[in-house]
Amino acid sequence: MSENLPPCRACQGGPGFAQPLSMAFQPIIDLPRRQVFAHEALVRGADGSSAGSLLEQLDDENRYHFDQQCRIKAVEWGAQLAVPALLSINFMPNAVYRAETCIRATLEAARRYNFPLERIIFEVTEQEQVLDLDHLIGILRAYRKQGFRTAIDDFGAGYAGLNLLADFQPDLLKLDMALIRDIDRDSVRQVLVDGVLGICRRLNIQVIAEGVETVAELDTLRGMGVELFQGYLFAKPAFQALPEIRYPQA
């Protein structure tokens, strides 16, 4: 078990992240069942300040502690708000030194707040460039071994491409919103997304279309077989709360 492993140097030292953190939540919708599949925890300052303003403060010295604080706050607020279904927690691969030891704070937070481990998804954040793809794959495999679900964000942009998918098949894959935008009017995007959906069906990977903003985009994606959605069409992130969900007319 990870509790029996010695801590790495990052766990023992380095500056913490000075600004207090909190979370906003945005739902991922299972549209055929008209229910929440998961809520994604999105970091904010405790004063409501944006994720961007927090990320500007990151450097090699405080990245690890920022990532750890985000995980703990996500579990804390997920438990406090009684998040239904699953909780998706973003993590920063470059902040993880040894997956087995860096996960301990999350395990301890889940026990402290009585949040079931089997309801946690670990989602690779898009906020930083992945420097070592093999390291990322090792992290994802370690988290899966612990019993967590895994998700790859922004598929089709940056690191999140076929090379990654060839070596690790996550439980969930989020289509990059650049592929989603105006897909109802763009035949090239339709072909690309249809190809990804075919691959995921054969690999038994669930697909989430994120950044959905219009009914036309939604209808096109539904016609292509997508069932899981996230975006302003359903709900904007709510600070320290679960937002009200708007279901478009069928």
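The following paragraphs lead through a predicted model, strand by strand, and end at one of its pockets.

Because the model is predicted, local features are reported at pLDDT of at least 70 and side-chain atom pairs at pLDDT 80 or more, while totals for chains, interfaces and linings use all residues. Residues are numbered from 1 along each chain as its sequence is written, and side-chain values use heavy atoms, with hydrogens and water left out.

The path begins with strands S1 (residues 21-30) and S2 (residues 35-45), which pair in the antiparallel sense over ten bridges. Helices (H or I, at least four residues) and strands (E, at least two) are DSSP runs, numbered from the N terminus, and two strands pair if DSSP finds at least two bridges between them. Within this pairing, Gln-26 stands opposite Glu-40 of S2. The two strands form a hairpin with four residues between them, and Arg-34 in the turn has a positive phi of about 50 degrees. S2 is mostly covered, with ten of its eleven residues buried; buried means under 20% relative accessible area, exposed over 50%, and partly exposed in between (1.4 Å probe, protein chains only). S2 also runs parallel to S3, to which four bridges join it. Ala-38 has Leu-86 of S3 as its bridge partner.

Ahead of S3 in the numbering comes helix H3, residues 63-80. At 1.5 Å a residue, its 18 residues should span 26 Å, and the end C-alpha atoms are 26 Å apart, which agrees; the expected span is 1.5 Å times one less than the number of residues. Helix H3 is largely enclosed by the rest of the structure, because 13 of its 18 residues are buried. In the loop between H3 and strand S3 (86-91) lies Ala-82. Its phi is near 55 degrees, a positive value in a residue other than glycine. Most residues other than glycine have a negative phi. Ala-82 counts as exposed, because its relative accessibility is 57%.

Another loop, between helix H5 (104-112) and S4, contains Asn-114. This residue is exposed, with a relative accessible area of 70%. Asn-114 and Ala-79 are 35 residues apart in sequence, yet their C-alpha atoms are 7.2 Å apart in space.

The next strands pair in parallel. Four bridges join strand S4 (residues 120-124) to S5, and Glu-123 stands opposite Ala-151 in S5. Six of the seven residues of S5 are buried, so this strand is largely enclosed by the rest of the structure. Asp-154 is found in strand S5 (residues 149-155). Asp-154 has a positive phi of about 55 degrees although it is not a glycine. With a relative accessible area of 12%, Asp-154 is buried, whereas Ala-82 is exposed. S5 in turn runs parallel to S6 through three bridges, with Phe-155 opposite Leu-175 in S6.

From strand S6 (residues 172-175), four bridges lead to S7, again in parallel. Here Leu-172 stands opposite Gln-206. S7 is mostly covered, as four of its five residues are buried. Three bridges then join S7 in parallel to strand S8 (residues 228-230), and Glu-210 has Gln-230 of S8 as its bridge partner. Between these strands the chain crosses from S7 through helix H10 (residues 215-223) to S8, and this β-α-β crossover is right-handed; that is, with the strands pointing away from the viewer, the path from the first strand over the helix to the second runs clockwise.

Several residues of this region also line the second largest pocket. A pocket is defined on a 1 Å grid over the protein atoms alone, using a 1.4 Å probe, as an open set of points with protein on both sides within 12 Å along at least five of seven lines; lining residues have an atom within 4 Å of a point. The volume of the second largest pocket is about 320 Å³, a volume being the space filled by probe spheres set on the points. Its lining holds 14 residues, and Ile-205, Gln-206, Val-207, Glu-227 and Leu-228 lie nearest its centre. Helix H9 (187-203) and strand S7 (206-210) are the elements that give two or more residues to the lining, and H9 supplies the largest share, three residues. The lining divides into six nonpolar, three polar and five charged residues, where Ala, Val, Leu, Ile, Met, Phe, Trp, Tyr, Cys and Pro count as nonpolar, Asp, Glu, Lys and Arg as charged, and the others, Gly among them, as polar.
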